[in-house]
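Trainee: Got a minute to go through this model with me? I'd like to work out how its strands and side chains fit together.

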Amino acid sequence: MMFETCAVPQGMSSKMIVVRRGEHACFFERWDGQIERTLDITVEPHASCTCVTLNRAGTARITERGVVGEGGRLHWINVTCGLDVQH
């Protein structure tokens, strides 16, 4: 299993993750930004991904999208501690 930490840097508003066919990946993403941001995850067929997202922004608009191929799995855990967050 692959483990990767992907923190989105301040000022960067989007991130795209692709888990390739047959891979198993686990990602941790922390967001402290104050702007709109998007996270897209694509899980190819027969792959799996667990993604933990920790949002500590005071105010933000967050969009998360996932696409899962046949036989794939995406487990997404969101922890949002912001004051005024649209998710």
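**Around the strands and salt bridges**

Mentor: Let's start with Ile41: leaving out residues up to four places away in sequence, Ile41 touches Ile17, Cys49, Cys51, Arg65, Gly66, Val67, Leu74 and Trp76. Contact here means heavy atoms within 4.5 Å. Before we go on, this is a predicted model, so local features need pLDDT of at least 70 and side-chain atom pairs count only at pLDDT 80 or more, while totals for chains, interfaces and linings use all residues. Residues are numbered from 1 along each chain as its sequence is written, and side-chain values use heavy atoms, with hydrogens and water left out.

Trainee: Okay, which residue in β6 stands opposite Ile41?

Mentor: Strands are DSSP runs of E with at least two residues, helices are H or I runs of at least four, and both are numbered from the N terminus. Two strands pair if DSSP finds at least two bridges between them. β4 and β6 (residues 59–68) pair in the parallel sense over 7 bridges. Across from Ile41 in β6 you'll find Gly66.

Trainee: And which residue of β4 is the bridge partner of Val19?

Mentor: Look at β2 (residues 14–19), which runs parallel to β4 and is joined to it by 6 bridges. In β4, Val19 has as its partner Val43.

Trainee: How many residues does β4 give to the largest nonpolar core?

Mentor: A nonpolar core is a set of buried Ala, Val, Leu, Ile, Met, Phe, Trp, Tyr and Cys residues joined through side-chain atoms within 4.5 Å; buried means under 20% relative accessible area, exposed over 50%, and partly exposed in between, with a 1.4 Å probe and protein chains only. The largest one has 10 residues in all, including Ile17, Phe27, Leu39, Ile41 and Cys49. β2, β3 (24–31), β4 and β5 (48–55) each supply at least two of its residues. β4 gives the most, and its count is 3.

Trainee: Moving to β5, which residue stands opposite Thr53?

Mentor: Thr53 is found in β5, and 8 bridges join that strand to β3, the two running parallel. Thr53 also touches Arg37, Leu39 and Trp76, among others. The residue opposite Thr53 is Glu29.

Trainee: Is Thr53 buried or exposed?

Mentor: 6 of the 8 residues of β5 are buried, so the strand is largely enclosed by the rest of the structure. Thr53 has a relative accessible area of 4%, which makes it buried.

Trainee: What about β7: which residue there is the bridge partner of Val52?

Mentor: β5 and β7 (residues 73–80) run parallel and are joined by 8 bridges. In β7, Val52 is partnered by Ile77.

Trainee: Now the charged pairs. How many salt bridges are in the whole structure?

Mentor: A salt bridge is a side-chain nitrogen of Lys or Arg within 4 Å of a carboxyl oxygen of Asp or Glu. One of them pairs Arg37 with Glu29, at 2.7 Å from N to O. Searching the whole structure gives a total of 3.

Trainee: Which residue forms a salt bridge with Asp40?

Mentor: The closest N and O atoms of this pair are 2.7 Å apart. Asp40 lies in β4 and its partner in β6, so the pair ties together parts that are 25 residues apart in sequence. Asp40 is buried at 18% relative accessible area. The partner is Arg65.
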